[in-house]
Amino acid sequence: MGLKVLPKSDWPACFSELHKEVEGKEVKIEILGQTLGDQVLVRSAKLIGATYEPKEDALEISVKGITHVVDRPQKISILQENGTIVAIDVIDIGDRRQLMTFA
């Protein structure tokens, strides 16, 4: 497994291509933070799309029925296994982790 921290300049391209990388997989979205506790936002759904908008400094993750927005992400890491994305970890301005796992 390889964990790679993405430079901010790579975020728009990475997320515009993400749906192709994880096509056919289910995504689980968890929000992990000391003030909120750990919460599952999406247990299992197909990814519809993902976009990082530099002007708004916002990451949008869309699955059926919901669009999850992370305002002002601070750090984005991708975990790959055999060249395939298995997880994306996003740290937001409030130091909360938005963990997306693909299976």
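Which residue takes a positive phi in the hairpin of β3 and β4? Keep that in mind while loading the structure, which is a predicted model.

**Stop 1: β3 and β4.** Select residues 37-53 for strand β3 and residues 58-63 for strand β4. The two strands run antiparallel and are paired over six bridges. For one facing pair, show Leu47 together with Val63 of β4, which stands opposite. Then move to the connection, where four residues lie between the strands. Asp57 is the residue asked about at the start, with a positive phi near 50°.

**Stop 2: β4 by itself.** Colour β4 by accessible area: five of its six residues are buried, leaving the strand mostly covered.

**Stop 3: β4 and β5.** Add residues 66-71, strand β5. Its pairing with β4 is again antiparallel, and the number of bridges is six. Here Leu59 stands opposite Val70 in β5. This hairpin has two residues between its strands, and Gly65 takes a positive phi near 90°.

**Stop 4: Ile88.** Select residues 84-91, strand β7, and pick out Ile88 within the strand. Is Ile88 buried or exposed? Its relative accessible area is 0%, so Ile88 counts as buried, the cut-off being under 20%.

To see what surrounds Ile88, leave out residues up to four places away in sequence and show its contacts: Phe15, Leu18, Ile76, Ser77, Ile78, Gln98, Leu99, Met100 and Phe102. Finally, draw a C-alpha to C-alpha distance from Ile88 to Val5: the value is 9.8 Å, with the two residues 83 apart in sequence.

How values were computed
Residues numbered from 1 in each chain as written. Predicted model: local features only at pLDDT ≥ 70, side-chain atom pairs only at ≥ 80, totals over all residues. Heavy atoms only, no water. Buried < 20%, exposed > 50% of the residue type's maximum accessible area, 1.4 Å probe, protein only. Pairing = 2+ DSSP bridges. Contact = heavy atoms within 4.5 Å.
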